[in-house]
Structure formats: C-alpha cells, structure tokens
Amino acid sequence: MYSWEQNIRKVIPYTPGEQPKEKDIIKLNTNENPYPPAPGVAKAIKEFDTNSLRKYPDPLIGKLVHSIAVNYGMRDEEVFVGVGSDDVLATAFLTCFNSDKPIIFPDITYSFYDVWAKLFNIPFETKALDENFKIVTEDYLCDNGGVIFPNPNAPTGELMELDEVERIIAANRDVVVIVDEAYIDFGGTSAKSLIKKYDNLLVVQTYSKSRSLAGMRIGFMLGNEKLVKYINDVKYSYNSYTLSNLTIEAGVASMEDTAYFEECVKKVIDVREWTKVELKKRGFIFGDSKSNFIFAKSDRMSGNKLFEELKKRKIYVRHFSKPERIDDYLRISIGTAEEMKIFMEKLDEILGL
Ligand code: PMP
C-alpha cells in the first residue's frame, strides 16, 4: 500500500453490461434498441459542420433543451439534459439527496443507485419488493431523505400504475422524489403530468432505449423550474460543457421524428409480447414486463448455466448473481423478430426441447 492511498476515495464501481467485440453475436444484454436511430439523425451527422468543433458547445444545451421541452409540453426552464440519464441521475443525487435521513429505493433495482449513494456519502435504505417483484407503495410512505425508483423497475420490468406513483410523491412533499423512466415508452404512463402538481418531483428519461441512441449518450429530466435550476448549479460546479455540438444536433433530429419513434417502440412491444408467449411455452416464469426486456427464469436450468450455454452459442443476455433471490433469472433484452426466433431455437437446443 502506498502512503497516499489512505487519502483515496475507494469505491466499488457499477459493473456495466458487456460490450463484446465480435460482430456475429445476438446482443440481448444491455437493453439497447435493435432498430437504428431516426433517419434524421444520420442526416444531421452527415451534414454536420466539422469546423464548429473548434468551439465549445453551448453550455446551456439550449437547442436540445428547447426541442425536448416542446415535445413534452414543458417550458425550457423545466428541462435538464445530461450525458445519458446516468449523468442526469448522478447530478440529481448530488443535488437533491443531502439529508441525514436515508434515501429509499427498492432492494432489487438499478444497481447504480447504491453506487452513487456510497460515492456521495448519502445514507440509504432499501425496501424489499414483494414476492411478485412488485414495489410495495406503503413502504415508501415513511420518513426519509429522498426517494428514487425506476418505473418500470429494472431489472424486473414491473410497472407501477400512475396513481400509486402519485401516492408516493404526495406522501413525500418534504423531499425530492425521482422517478427514473428509462423504460416508460414501452408501455407505461409517464409521471410528467404530475410535475405541475408536485414541485418535489423529478422525471428522468433517456435516449438510450426507445430512441436507439445509447451510443450518443443523452438523458434528460423534467421537473419544477426551481429544482432544475439547483441541479444546473451543481452541473456548472463541475463540468459546464457536457454535450458535444454533434450530440445536440443528433438529439434534436431524433426528438423531431415522432412517427419513427412510435413505429420503433411498437415493433419492440410486439416482439416482446411474442417473446412472452414463446417463453411461456418453454416453461419460463416471468412477470408482465412493460419494458424492452423480460426478466425470466427457466423451470429446468439454473440462471448461470443458461447464461453460459447461451453465450457459447453467441447469444448474450444479462445475469445478476446477486442478490440470491434473482440468481436464477436472466434479463433478456428484446431484439428484432429474427433475433428472438434464433434465441428460441437456441433455447430449445439447450433445454433439449
Ligand atoms: N436507469 C435505468 C433504470 C437503467 O436501466 C439505465 C440503463 N443502464 C439507466 C438509467 C441509464 O441509461 P443511460 O445512461 O444510457 O441513459
């Protein structure tokens, strides 16, 4: 151990899903969209003025903020944009969770939450999902330092109805409630309509899933103007220029093409529902996912074994070995119809069906 190591902030980092280098794989492990981004994105990149890269981008990200605001019926002051929703969420944690009381979130959820809490020294407590992997609303109606949960939850895909989400927000008016809607476009109702009513609500969304732009890194947040201002103040306290000129143009082009967005989302939903039927035939156990993945376990093979067998056949899914309660489950992202057909063939081969 070097003597300077005593002053180092030591953390156990989040483990992102694998991004394998091979080309001929079926990648169902990080909830990306199997369809390309809106055609306008390719056009914007092709026509992009490279010379503009000499200059710093707009620190306000004004053009993209405005485009998102218009699309979601908000004012520009009610929108915050970051480098993927991970950046948006991390900045929100740093800004909003400053109480001595613990923040609360589900025990089985997006595994970045406890990583940020530990990184920023935020006390936290987790609330167990029920036996059907559902969030228990009553558990969130307690004294706390802030609330965060994804809706639909990840990795379970379980959706909470809007009136239940509202009960949590209404019961926590003294703290900030963050609803992480990374997957909301695949079948849920956004809590954004509640922002007018609740100044303590932040709704976070991303371009990475429903807009096929995980590689571009764009996330955003909708909320009360004063809250958004506080979050911007923190952002400007560590990095002013977060999104590149090119990213801003791509983001605007994507936001403008509602028809393409809706078409892609519909395709993913249709394939998801087909996948549910096929998994059921093969004895899998899973809930009614409203996201772009299904969290399922086989009735005849362990999660780890199935994960390894699929990988041998060049199909990547996500397996979480912890907590034990979910170690037989696989999180299967929804690919194209063709990819999911191959996935089923490989399952039959592995399971001897
Ligand atoms: N929230 C949840 C629940 C997620 O699953 C993810 C994806 N890993 C994110 C946020 C972050 O996504 P991104 O940074 O790509 O917007």
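Two rings of Phe, Tyr or Trp, the last taken by its six-membered ring, are treated here as a pair if their centres lie within 6.5 Å, and a pair is edge-to-face if the planes are over 60 degrees apart. In this predicted model, that rule gives a count of 21 aromatic pairs.

Begin by selecting Tyr110 and Tyr113, whose ring centres are 5.6 Å apart with the planes at 85°, so that the pair is edge-to-face. Both partners are buried, Tyr110 as well as Tyr113.

Keeping these two on screen, add Tyr14, Phe93, Phe97, Phe105, Phe112, Trp116 and Phe124, since ring pairs link these residues with Tyr110 and Tyr113 into a cluster.

Next, move to Tyr207 and Phe220, where the ring centres are 6.1 Å apart and the planes stand at 85°, so this pair is edge-to-face. The pair links distant parts of the chain, for Tyr207 belongs to the loop between strand S7 (201-206) and strand S8 (219-223), while Phe220 is in strand S8, 13 residues apart from Tyr207. Tyr207 has a relative accessibility of 0% and therefore counts as buried, and Phe220, at 1%, likewise counts as buried.

Stay with Tyr207 and display Arg211, which lies over the face of the Tyr207 ring at 5.7 Å from the ring centre. For another such arrangement, select Lys267 and Tyr35: Lys267 lies over the face of Tyr35, at 4.1 Å from the ring centre.

Now turn to Ser85, which is placed in helix H3 (residues 84-96). With a relative accessible area of 10%, Ser85 is buried, because the limit for that class is under 20%. If residues up to four places away in sequence are set aside, Ser85 touches Val204, Gln205, Thr206, Ile218 and Gly219. Of these contacts of Ser85, Gly219 falls within the range given for strand S8 (219-223), and Val204, Gln205 and Thr206 fall within that of strand S7 (201-206).

The last stop is an enclosed space, so which residues line the largest cavity? Select Pro36, Pro37, Ala38, Ser210, Arg211, Ser212, Ser254, Asp257, Tyr260 and Phe261 to show its lining; among them is Arg211, the residue already seen over the face of Tyr207. The lining divides into 5 nonpolar, 3 polar and 2 charged residues. The volume of this largest cavity is about 60 Å³, and the count of cavities of 30 Å³ or more comes to 1.

Conventions
Residues numbered from 1 in each chain as written. Predicted model: local features only at pLDDT ≥ 70, side-chain atom pairs only at ≥ 80, totals over all residues. Heavy atoms only, no water. Phe/Tyr/Trp six-rings, centres within 6.5 Å; stacked < 30°, edge-to-face > 60°. Buried < 20%, exposed > 50% of the residue type's maximum accessible area, 1.4 Å probe, protein only. Helix = DSSP H or I, 4+ residues; strand = E, 2+ residues; numbered from the N terminus. Lys NZ or Arg CZ within 6 Å of the ring centre and 35° of its normal. Contact = heavy atoms within 4.5 Å. 1 Å grid on protein atoms, 1.4 Å probe; cavity = no way out; pocket = protein on both sides within 12 Å on 5 of 7 lines; lining within 4 Å. Points joined across faces, edges and corners; volume = space filled by probe spheres on them. Nonpolar A, V, L, I, M, F, W, Y, C, P; charged D, E, K, R; others polar.
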